[in-house]
Amino acid sequence: MDLKPIKIGKYELKYPIIQGGMGLGISWDKLASAVSLEGGLGVISSVGTGHYENLAHVKKSLNSKPFGSENFYSGEALKAIIANARKVCGNLPLGVNIMYAANDYARVVKDACEAGFNIIISGAGLPTNLPEFTQNFKDIALVPIVSSAKALKIICKRWKQRYDRLPDAVVLEGPLSGGHQGFTYEQCVDPEYQLEKLIPQVKAEIAQWGDFPLFAAGGIWDKNDIQKAMDLGADGVQMGTRFIGTKECDADEKFKNMLINAKQEDIKLIKSPVGYPARGIDTNLFKLIEKKVAPKIQCICNCVSPCQRGKEAKEVGYCIAERLYDAFCGIKETGLFFTGANGYKLKEIISVKELMKKLVHGENA
């Protein structure tokens, strides 16, 4: 089956492939611009834009770290990242991923609008009030991430009643995705909550409200997986982990090699300060936590509201902002390396151009 162009709001993609927004810093200007250039939707993560590498755009820092959420989610740094991306992909559509769990959510959404993003993708909670912060930017397409038909129903009902609008597309993320899950530990392994069961349910819910595209995510690895998702009713896919294995991915090469060297049994569900299970590589960090010698927890960035200013971080034994930054830098000893369930399949680093060719035409293309 040939992959056909698809529209999200007023924006047309050559191929129905969204590159998942991966924070902290895994998908910034280099990766996102390359994906958009090759016909997919490149997505920049808004997480930690002011963290370390972008301190030139931070008004207040502490020990070379952004102090508070207004600096951790730096609007100036976000503008600098999209400006760099536009040098590569021009006016092609670019998306931004904004976590609903983020402190300063409303301000980050407004920053993204002013920075010139075309599409906002939002999950990590139900973004029931997202349209409230984009009302002065009518052309921006809004795409919630959900894990069930029930979640989509709640969003559509609220958006229609309060703002007289519906999503321009929806991403349905199943429990094989990397990072935080919208499921309990038990549901992550329950056959009833797998993507193949959820796609028809969410497709049926969309039909109750009109017609907007459904992008399936979580465990999508190759063209065969794309085909299976679309056969079940998806209009396209969102993929994160596979794009880590590209030359343009913004992460350190050591991060990429962590995936290349990972075995299937190394990829596990772990506890997170956010309160949801998260999927990543079982690394030295968790041995340090077990021995109670992990790096000291100091809530400098105040990044996500469920963590309650470091309270939950102390419960699970690590600060997520600090450990994700270590992973971005390739620090194996203390990094938190998120990956989808199929991350162990990564065996080589190729260009985004080569990867998109494989996804569109098959592995032997």
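The exercises below, each with a worked solution, concern a predicted model.

**Exercise 1.** Work out how strand β9 (residues 141–146) is placed in the structure: is it enclosed or left open, and which strands pair with it?

*Solution.* Begin with burial, where a residue counts as buried if its relative accessible area is under 20%. By this cut-off six of the six residues of β9 are buried, so the strand is largely enclosed by the rest of the structure.

Next, consider the two faces separately. In a regular strand the side chains alternate between the two faces of the sheet. In β9, Ala141, Val143 and Ile145 lie on one side, while Leu142, Pro144 and Val146 lie on the other, and both faces are covered.

Then turn to the partners. Strand β8 (residues 119–123) pairs with β9 in the parallel sense over four bridges, and in this pairing isoleucine 121 has valine 143 of β9 as its bridge partner. Strand β10 (residues 170–173) also pairs with β9 in the parallel sense, over two bridges, and here isoleucine 145 stands opposite valine 171 of β10.

Finally, follow the chain through helix α5 (residues 149–163), which together with β9 and β10 makes a right-handed β-α-β unit.

**Exercise 2.** Determine which strands stand at the edges of the open sheet of three strands that contains β11, β15 and β14.

*Solution.* Write down the order first, which is β11-β15-β14, with antiparallel pairing. Now look at the ends of that order: β11 (179–180) and β14 (267–270) each have a single partner strand, so one side of each is left without a neighbour in the sheet. As a last step, examine one pairing in detail: β14 and β15 (residues 278–281) run antiparallel and are joined by four bridges, with isoleucine 270 having alanine 278 of β15 as its bridge partner.

**Exercise 3.** Decide how many residues of helix α1 (residues 29–37) are buried, and find what covers them.

*Solution.* Seven of the nine residues of α1 are buried, and the helix is therefore described as mostly covered. Among these buried residues are Leu31, Ala32 and Val35. Their cover includes strands such as β3 (17–19) and β4 (42–45), and helices such as α3 (75–89) and α14 (352–361). After the helix comes glycine 39, whose phi is positive, near 105 degrees.

**Exercise 4.** Describe the largest cavity and the character of its lining.

*Solution.* The volume of the largest cavity is about 80 Å³. Of the 13 residues that line this cavity, the closest to its centre are Cys299, Cys303, Cys307, Cys319 and Ile320. Sorting the lining by type gives eleven nonpolar residues, two polar and no charged.

Notes: Residues numbered from 1 in each chain as written. Predicted model: local features only at pLDDT ≥ 70, side-chain atom pairs only at ≥ 80, totals over all residues. Heavy atoms only, no water. 1 Å grid on protein atoms, 1.4 Å probe; cavity = no way out; pocket = protein on both sides within 12 Å on 5 of 7 lines; lining within 4 Å. Points joined across faces, edges and corners; volume = space filled by probe spheres on them. Nonpolar A, V, L, I, M, F, W, Y, C, P; charged D, E, K, R; others polar. Buried < 20%, exposed > 50% of the residue type's maximum accessible area, 1.4 Å probe, protein only. Contact = heavy atoms within 4.5 Å. Pairing = 2+ DSSP bridges. Right-handed = clockwise from strand over helix to strand, strands pointing away.
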